[in-house]
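Thanks for asking me to look over this model. Here are my notes, in the order I would read the structure myself.

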Amino acid sequence: MPLVAGVDSSTQSCKVVVRDAETGALVRSGSATHPDGTEVDPAAWWDALRSAIERAGGIGDVAAVSVAGQQHGMVCLSAAGEVVRPALLWNDTRSAGAAAALVDELGGPAAWADAVGVVPVASVTVTKLRWLAEHEPDSVARTAAVCLPHDYLTWRLRGDGDVSTVTTDRGDASGTGYFAAGSGSYRMDLLELGLGRTVGLPAVLGPSDTAGRVGGEPAGSRQGAVLGAGTGDNMAAALGVGAEPGDVVVSIGTSGTAFAVADKPSADPLGLVAGFADATGRFLPLVCTLNAARVLDASARMLGVDHDRFAELALSAPPGADGLVLVPYLEGERTPNLPLATAALHGLRLANATPAHQARAAVEGMLCGLADAVDALVAQGVRVDRVLLIGGGARSAAVRRIAPAVLGRPVLVPEPGEYVADGAARQAAWALTGTDSPPRWRLGSVEKVAADPTPGLRERYAEAREKILSRPA
């Protein structure tokens, strides 16, 4: 049976899975870490990919490879194929002012939603280009092409070094702010609005298209293996979990996302829902929060406990934490657009000033932000037949048990897996076969969790959130 490899180049690490192309059965895997920070030299991603491939036992026996990567990251390349400056990642908020200016210059949020389905916030690529134009004109002058993290790694795997051959897919391109998911085309006028001039952009491949063949030299690779188009991490996660119309996926990783597969593009004038394309030729309306699994990390660290003990504490406190509410904007926030906000704890009293209450409030606060995200999708006409809970945060027993009480719906929790890398592997298998639809791989066991909604919890969270929203800028 042919084998395929899928790559997840995320904010924190690179993961490689090797799977059977026909059944999806996992054969082996490997991973390597990325450096911390919101500004990273793309060479670090390449080094991590090489290490992850080596730790996966090499990919010399695979027939196809596809790369999924963190969305929005700005990679600038010179005419000679050199990286002009470290990439600005999606969670770098220095372009918040640029985002506000761009929104105004086009005529407001509705104008951007109509143009490209995305209203610029600090995470979106076009805002980072504006920041670059304002602060590093020499870098702009050296830039011949702009691409995204997954585009860069796919290009490096092909190994020809020609910046005119960089490729992308419609899913990842739809997060740039200068690609319209609805029409499937670049808006060069918006690129110029951001950067001040036009530069080369990656050719946009279809879902099952190939980006060429492996020609680079990562350890253990096979020269000539087919390269899939690749995609963004959220698009790959939807493919990996097998999401269909009617499914809403809530993913708790470095960021928190709620997204759904849809047959029509979305354009939210409020800017809450990003109107992305997906990796199958359809669309992926998505809401992203900056504060997700790291809220749990930080809270456990503050309490001086590991994650298992943190989950025990959270589950030992009563639903609603006796009125204690955490608005978890530890890194600012993207939805709502508050890049400079800080977190706030509300309702603290002697009765709830305990580690258990604080742990419960942290889990509930993080989930309330994601519940708001699901509500925003519904407001855009998204049908919710099932809620699938995935990501590293879903491994917490507290998150799994508390989620349905906050989301107000039963949730399905697939067995833990690397769904972004799995989606990339499935895309690689699709590129290998060239069929009209991706191969149907069987998802593993799924746990269904139900709980009664916690009375008053969402309302108390909304009140606390509004206090932050009403603060003077």
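The points below go from the whole chain to its cores, three helices and one loop residue.

1. **Overall build.** Please keep in mind that this is a predicted model. The chain holds 15 helices and 24 strands. Its radius of gyration is 21 Å, close to the 23 Å that the globule rule gives for 473 residues, so the chain is as compact as a globular protein of that length. Along the principal axes, the C-alpha trace spans about 65 × 50 × 40 Å.

2. **Burial and contacts.** Of the 473 residues, 59% are buried. Among contacts with a separation of 6 or more, 72% join residues 24 or more positions apart.

3. **Surface and charge.** About 17,400 Å² of the chain is exposed, and carbon and sulfur atoms supply 51% of that area. You will find 40 positive and 52 negative side chains, with the centres of the two sets 4 Å apart.

4. **The largest nonpolar core.** This core has 57 residues, and those touching the most other members are Val-250, Ile-252, Val-363, Leu-367, Leu-389 and Val-399. Helix α12, residues 355-379, gives the most to this core, with 14 residues. As general background, nonpolar side chains in soluble globular proteins tend to be buried together.

5. **A closer look at Leu-367.** Which residues does Leu-367 contact, leaving aside its neighbours within four places in sequence? They are Ile-252, Val-399, Ile-402, Ala-403, Val-406 and Leu-407. There is also a second, separate core of 49 residues, which includes Leu-88, Val-119, Met-235 and Ala-237.

6. **Helix α13.** Several of those Leu-367 partners, including Val-399 and Ile-402, are among the buried residues of α13. This helix covers residues 397-407, and 8 of its 11 residues are buried, so it is largely enclosed by the rest of the structure. The buried set is Ala-398, Val-399, Ile-402, Ala-403, Pro-404, Ala-405, Val-406 and Leu-407. Just after α13, Gly-408 takes a positive phi of about 75°.

7. **Helix α9.** How many of the residues of α9 are buried? The count is 8 of 8 for this helix (residues 233-240), so α9 is largely enclosed by the rest of the structure. The residues concerned are Asp-233, Asn-234, Met-235, Ala-236, Ala-237, Ala-238, Leu-239 and Gly-240. Met-235 and Ala-237 also belong to the second core. Gly-242, which follows α9, has a positive phi near 70°.

8. **Helix α4.** Residues 125-135 form α4, and 8 of the 11 are buried, so this helix too is largely enclosed by the rest of the structure. Its buried residues are Thr-125, Val-126, Thr-127, Lys-128, Leu-129, Arg-130, Trp-131 and Leu-132. You may want to display what they pack against: β6 (75-77), β7 (87-88), α2 (96-106), α5 (137-142), β8 (145-147) and α8 (188-195).

9. **Ala-79, in a loop.** Is Ala-79 buried or exposed? With a relative accessibility of 63%, Ala-79 counts as exposed, the cut-off for that being over 50%. Ala-79 sits in the loop between β6 and β7. Leaving aside neighbours within four places in sequence, Ala-79 is in contact with Arg-142, Ala-144 and Val-163. Ser-164 is 85 residues away from Ala-79 in sequence, yet their C-alpha atoms are 8.7 Å apart in space.

Note on methods:
Residues numbered from 1 in each chain as written. Predicted model: local features only at pLDDT ≥ 70, side-chain atom pairs only at ≥ 80, totals over all residues. Heavy atoms only, no water. Helix = DSSP H or I, 4+ residues; strand = E, 2+ residues; numbered from the N terminus. Rg over C-alpha atoms; globule rule 2.2 N^0.38 Å. Buried < 20%, exposed > 50% of the residue type's maximum accessible area, 1.4 Å probe, protein only. Contact = heavy atoms within 4.5 Å. Areas by Shrake-Rupley, 256 points an atom, 1.4 Å probe, with all protein chains shown as cover. Lys, Arg positive; Asp, Glu negative; His and termini not counted. Charge placed at Lys NZ, Arg CZ, Asp CG, Glu CD. Core = buried A, V, L, I, M, F, W, Y, C linked by side-chain atoms within 4.5 Å.
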